[in-house]
Amino acid sequence: MLIGAHVRDDDPLTAVAERKADVVQFFLSDPQGWKAPKPHPHGEAIKADPVEVFIHSPYLINVASLNNRIRIPSRKNVTQHADGAAAIGAKGLIVHGGHVGDNDDVEIGLDNWRKLFEREQEKGGFKVPILIENTAGGENAITRDLDVIARLWDKVGEFGAGFCLDTCHAFAAGWDLATAVGKVKAITGRIDLVHLNNSRDEFGSTRDRHANVVGGEGTIDPEVLVAVAREAGAPVVVETPADGQAADIAYLREQLG
């Protein structure tokens with residue numbers, strides 16, 4: 001099983017070596033901005049390296065939004081980052097599910113996700129798989145609740161959308177981690193990547209605060225996280241505090257083989 005971490009974006013290969021990782025995730029641009037990614041200074045080396053690469057899209061992206069000033073640049077940004085991810089040989093682009101406004105119809109947000117894929121399909125499709133990630137909270141979130149994820153997959157599944165399961169987000173949203181993998185796969189047919197994060201907060205908190213898998217402030221039993229990773233059978237990325245990532249990876253490798 002491939003196990004790695006989300007790392008700084010300036011020199012990911014050095015970070016990989018420091019953590020003894022075999023999969024890596026990072027940003028291609030400011031995660032709090034709208035700028036298109038520039039060619040990575042180590043792009044050719046990253047593409048040539050055997051490490052498996054995933055790119056996380058900026059946090060501002062909200063494909064579901066009914067606000068044109070958010071939705072339109074979000075669509076553009078997804079395409080730009082998918083192109084940038086393909087340029088360095090990445091296996092996928094992770095995009096959060098987003099949300100609609102308090103008085104908005106969630107169904108329209110789901111339709112907006114479908115339109116993203118339809119528009120790109122007309123141009124030949126995305127250059128890397130788009131991996132939609134579950135989120136921790138928000139009353140009108142698109143990927144917080146499994147029933148809404150099922151409605152989303154009715155819209156986007158035919159376009160080959162992938163799924164990224166975040167354990168901290170699932171725990172915060174009140175999912176039973178013992179059954180989460182089976183329920184997700186029953187809906188999507190797949191899990192392409194696991195963000196194996198512990199949580200600093202209690203079950204159902206709706207708070208997205210990651211903790212190290214082991215040796216930190218986590219409230220999730222590490223054995224539960226191991227069981228999720230084993231059942232999912234997908235590459236694992238820890239998005240945990242950097243100082244403990246090497247220990248997280250070593251523990252998971254020992255447990256998962």
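A residue counts as buried when its relative accessible area is under 20%. By that cut-off Glu-120, at 8% relative accessibility, is buried. The model analysed here is predicted.

The UniProt record, an unreviewed entry, annotates residues 15–253 as "domain: Xylose isomerase-like TIM barrel". Over this range the chain is 40% helix and 13% strand. The C-alpha atoms at the two ends of the range lie 17 Å apart.

Helix H3 covers residues 68–87, 20 residues in total. From first C-alpha to last, H3 reaches 29 Å. That is close to the 28 Å expected at 1.5 Å a residue. An N-terminal cap is supplied by Asn-67. A side-chain oxygen of Asn-67 sits 2.8 Å from the backbone nitrogen of Arg-69. The buried set of H3 includes charged and small residues, among them Arg-71, Arg-75, Ser-74, Gly-84 and Ala-85. Asn-77, Val-78, Thr-79, His-81 and Ala-82 are also buried in H3. These buried residues pack against strands S3 (52–56), S4 (93–96) and S5 (130–133), and against H4. Just after H3, Gly-89 adopts a positive phi of about 80°.

Helix H7 comprises 12 residues, 177–188. At 1.5 Å a residue, H7 should span 16 Å. Its end C-alpha atoms are 17 Å apart, which agrees. Five positions of the helix are listed as buried: Leu-177, Ala-180, Val-181, Val-184 and Thr-188. Viewed down the axis of H7, the buried residues fall within an arc of 90°, so they line one face of the helix. The face turned away from this buried side carries the exposed residues Ala-178 and Ala-186. On the buried side, contacts are made with helix H5 (146–156), strand S6 (162–166), helix H6 (167–172) and helix H8 (222–232). Asp-176 caps the N-terminal end of H7. Here a side-chain oxygen lies 2.9 Å from the backbone nitrogen of Ala-178. Gly-189, just after H7, takes a positive phi of about 80°.

Charge pairing was examined next. Side chains of opposite charge can pair when their charged atoms come close. A search of the whole structure finds 17 salt bridges. One of them joins Arg-114 to Glu-118, with the closest N and O atoms 2.9 Å apart. Both residues belong to helix H4 (residues 106–121). They are 4 residues apart, about one turn of the helix. Arg-114 is partly exposed, at 22% relative accessible area. Glu-118 is partly exposed as well, at 30%.

A further salt bridge links Lys-123 and Glu-120, at 3.5 Å from N to O. The two partners have contrasting environments. Lys-123 is exposed, with a relative accessible area of 60%, whereas Glu-120 is buried at 8%.

Arg-209 and Asp-201 also meet through their side chains, at 2.8 Å from N to O. Arg-209 is partly exposed, with a relative accessible area of 28%. Asp-201 is buried, at 8%. Elsewhere, salt bridges that share partners connect Arg-8, Asp-10, Glu-18 and Arg-19 into one network.

Notes:
Residues numbered from 1 in each chain as written. Predicted model: local features only at pLDDT ≥ 70, side-chain atom pairs only at ≥ 80, totals over all residues. Heavy atoms only, no water. Expected span 1.5 Å × (residues − 1). Buried < 20%, exposed > 50% of the residue type's maximum accessible area, 1.4 Å probe, protein only. Arc of directions from axis to C-beta. Contact = heavy atoms within 4.5 Å. Polar contact = N/O pair within 3.5 Å; in protein donor to acceptor, adjacent residues only side chain to side chain. Salt bridge = Lys/Arg side-chain N within 4 Å of Asp/Glu carboxyl O. UniProt positions renumbered as here; feature names shortened; annotations may be inferred.
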